[in-house]
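I opened this notebook to record what I looked up, element by element. The entries follow the order in which I looked.

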Amino acid sequence: MEKIPMEEYSYLQHVYHNAPFGIAMFTLRGVLVKANPALTRILGYSLEELNKQRFDKLIYPDDLERNIRQIRTLFENYPEQNEIDVEGRYVQKNGQIVWASVHISIMPDTEGTPLYYIVTLNDISKNKAAEQKLQETVERYTSLKRYNHDAIISLDLSGNILNANTRAEQMTGCPVSEMAGKSIARFIGEYNLRRVLREALNNPTVEQEIKTIRHKDGHLVEVITTIAPIIINNKNVGFYIIAKDFTEQRQLIIAKELAENTNKAKSEFLAMMSHEIRTPMNGVIGMTDLLETTTELDDEQKEYIEIIRKSGETLLSIINDILDFSKIEAGMTELQEDALDVKQCIQETLDVLSAKASAKQLEMTFAVDDDIPDLLYGDSKRLKQVLMNLVGNAVKFTLHGGISVSARKLYQEGDLIDLEFKVSDTGIGIPDNKLEAIFEPFSQVDNFMTRNYEGTGLGLAISKKLVNVMGGNIWVEKKEGPGTTFVFTVLLKKYHQPPKPNACDDQLESLPDPLQILIAEDNEINQIVLRKILEKQGHAVTVVTNGHDVLRAVEQASYDIVFMDVQMPGLNGLEATRKLRATVPKDQCPMIVAVTANALKDDREICLAAGMDDYISKPIKSKPVLAVLEHVLRERKVSNR
């Protein structure tokens, strides 16, 4: 063997000992013969410890088979192949994994027979970590781009397409292979492309101009676009165009506007129907009320008047049910919440229906659990409406026995209290095959053509919807034997403030001082009813038929109160009120009371917002009119102090 000069030997020794990469010699059986310091540092073993290790024991188990296969292939292909490069994981002494790039070559003897493996091992863990992090970033970006619901198209600085995601392919009808290298102008137009390339970096409004993407087949897709510059090393190298398909949202907006217009038309129709139906009913019931309260009648006349009054009230009840159900269907029902006494609600309901129950000799009882607070917070009017429907049905369909009402607390969580009400009767009951239909509109238990009971069949449908609005549910409790038990729940709240007195005398006395009152009403019957009620109390009354006459009358004379019909020809009550408030000094302007038969959700609020002081609805009766007069004068008296 040729002898290596001392100088060259020293050089090789220096490289061997000071190289930053590991160098080792292994026998063909994998036994370590020699290793440099860098290898011990990389693997964490001392030289003595490495001498006791086989090379295959240092390889990460999952990579072992691949390494052995590569080394075997190298050995089998020798001398045609005498070296290989592999990359893999190795196990340090402390168990940590190190990534390494390894070069393995065969060192032969003088006759060319394989003698040793020379291994150089370079630690690439940091590079591998950076590579994996970069790969993760690329994969995250690729996934975001690929699975995004918006179309994403990348462009170079000339506006040529570099890449696009699947959504862009669907939106344009072109695969990426067909789009790549082509100008985006094909899809957004030349004008938009020029603006993007010229202004996108400094003008964010450019993206608002791109409102459509042209599909391959020629149709336009409505889009909302965003343009993002591609910045690499602080240099703009292209743009992303991100386009959201707005077609479905546009259709939803159109559908929403159509629904809103339909609801508005429905609301206006309800208002008109309410006014047109209630106006003649106001005459029937109002005149009946006048006959009963202001004239001397013999027994026969009283009986006739009573029949007229009851028939009118029955018809009005049917009208109210239809309008009430329509308002609920149109989403026009809002809860008016205040202090609520559960016992009082039940008691008042039974009091109203007690006469009908007594006529049929039915017993009516109720029970309220002691753990229900005396006062809660909720809509007592709506609760009583549900109770009135259920108890009214119970009285209607019960011939013998009685009706019982109970209330108990299901649970309480914070300020919320869930109450359960039961209304039970001993009546005709409900067949099982009718239970699912009874809460449907216009449904009645008995056959439509042969029914024995009056009504619209809307009471239970209204009750169900009102209970739902109050956060509860309603159902029929199955039981053995005759009769029916309705169960419903409502969510109420704890009442934290002391109750305010809201007393109203049963008998309203006439006001001591005569008032100057102006009636603005275009319907002759309604004029007569309201004028007679007021004149019987000693007030001076003037009648006009439209808003223009109201303005002239107030300009020519002084009035204490104006009863203002909302719907009048020429100038309606709302506009007349606004003009009065705008032209008449506050201290000279009369009190204005709205008189309306409208069924709009915010009718009262609309009237008050127009400048009216109070509100009464048709049909008009003596008691509410006088109550409003007393309230208005009381408020005026307080304000004048």
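Entry 1, the sheet with S4 and S5. Before counting pairs I fixed the term: two strands pair if DSSP finds at least two bridges between them. The model I am reading is a predicted one. With that in hand I looked up strand S4 (residues 97-108) and strand S5 (residues 114-123), and found that they pair in the antiparallel sense over nine bridges. For one position in this pairing I noted the partner: Met107 has Tyr116 of S5 as its bridge partner.

I then asked in what order the strands of this open sheet stand. The sheet has five strands, in the order S2-S1-S5-S4-S3, and the pairing is antiparallel. Strand S2 (32-35) and strand S3 (83-91) stand at the edges with a single partner strand each, so one side of each is left without a neighbour in the sheet. Neighbouring strands of this sheet are turned against each other by 25 degrees on average, direction ignored. I also recorded that helix H5 (residues 61-77) packs on the sheet and touches S3, S4 and S5, its direction making about 160 degrees with that of S3.

Entry 2, the whole chain. I stepped back for the totals and noted 21 helices and 22 strands in the chain. Of its 641 residues, 39% count as buried. Among the contacts between residues at least 6 apart in sequence, 59% join residues at least 24 apart.

Entry 3, strands S14, S15 and S17. I looked up strand S14 (residues 402-413) and its pairing with S15, and found 10 bridges joining the two, which run antiparallel. S14 and S15 form a hairpin with two residues between them, and Gly414 in the turn has a positive phi of about 65 degrees. S15 is also joined to strand S17 (residues 485-494), by nine bridges and again with the strands running antiparallel. In that pairing Lys422 stands opposite Val487 of S17. I next asked how many residues of strand S15 (residues 416-425) are buried. The count is eight of the 10, so the strand is largely enclosed by the rest of the structure.

Entry 4, Val405. I chose this residue of strand S14 for a closer look, and noted that it stands opposite Val423 in S15. Is Val405 buried or exposed? At 2% relative accessibility Val405 counts as buried, because the cut-off for that class is under 20%. Leaving aside neighbours within four places in sequence, Val405 is in contact with Ile346, Leu350, Thr365, Phe366, Ala367, Leu387, Val391, Lys422 and Val423. For Ile346, which is 59 residues away along the chain, I recorded a C-alpha separation of 7.7 Å from Val405.

Entry 5, helices H15 and H16. I looked up how the axes of helix H15 (residues 380-396) and helix H16 (residues 459-469) are placed, and found that they come within 9 Å and cross at roughly 150 degrees. The crossing of H15 and H16 is left-handed. On the H15 side the contact is made by Arg382, Gln385, Val386, Asn389, Leu390 and Asn393, and on the H16 side by Gly459, Leu460, Ile462, Ser463, Leu466 and Val467. I sorted the residues of this contact by character and obtained six nonpolar, five polar and one charged. The buried residues of H16 are Gly459, Leu460, Ala461, Ile462, Ser463, Leu466 and Val467. Just after H16, Gly471 takes a positive phi of about 80 degrees.

Entry 6, Leu157. This residue lies in the loop between strand S6 (151-156) and strand S7 (161-164). Leu157 is partly exposed, with a relative accessible area of 45%. Leaving aside neighbours within four places in sequence, Leu157 is in contact with Leu197, Asn236, Val237, Gly238 and Phe239. I also recorded Leu157 and Arg198, which are 41 residues apart in sequence and 9.9 Å apart in space, C-alpha to C-alpha.

Entry 7, Asp565. Which residue does UniProt list for "modified residue: 4-aspartylphosphate"? The unreviewed entry gives Asp565. In the model, Asp565 lies in strand S20 (residues 561-565). Asp565 is buried, with a relative accessible area of 0%.

Notes. Residues are numbered from 1 along each chain as its sequence is written. This is a predicted model: local features need pLDDT of at least 70, side-chain atom pairs count only at pLDDT 80 or more; totals for chains, interfaces and linings use all residues. Side-chain values use heavy atoms; hydrogens and water are left out. Axes are lines fitted to C-alpha atoms, for helices over the stretch in contact, and angles run from 0 to 180 degrees between N-to-C directions. A crossing is left-handed if the near helix is turned anticlockwise from the far one by less than a right angle, and right-handed if clockwise. Contact means heavy atoms within 4.5 Å. Ala, Val, Leu, Ile, Met, Phe, Trp, Tyr, Cys and Pro count as nonpolar, Asp, Glu, Lys and Arg as charged, and the others, Gly among them, as polar. Buried means under 20% relative accessible area, exposed over 50%, partly exposed in between (1.4 Å probe, protein chains only). UniProt positions are given in the numbering used here, feature names are shortened, and annotations may be inferred rather than shown by experiment.
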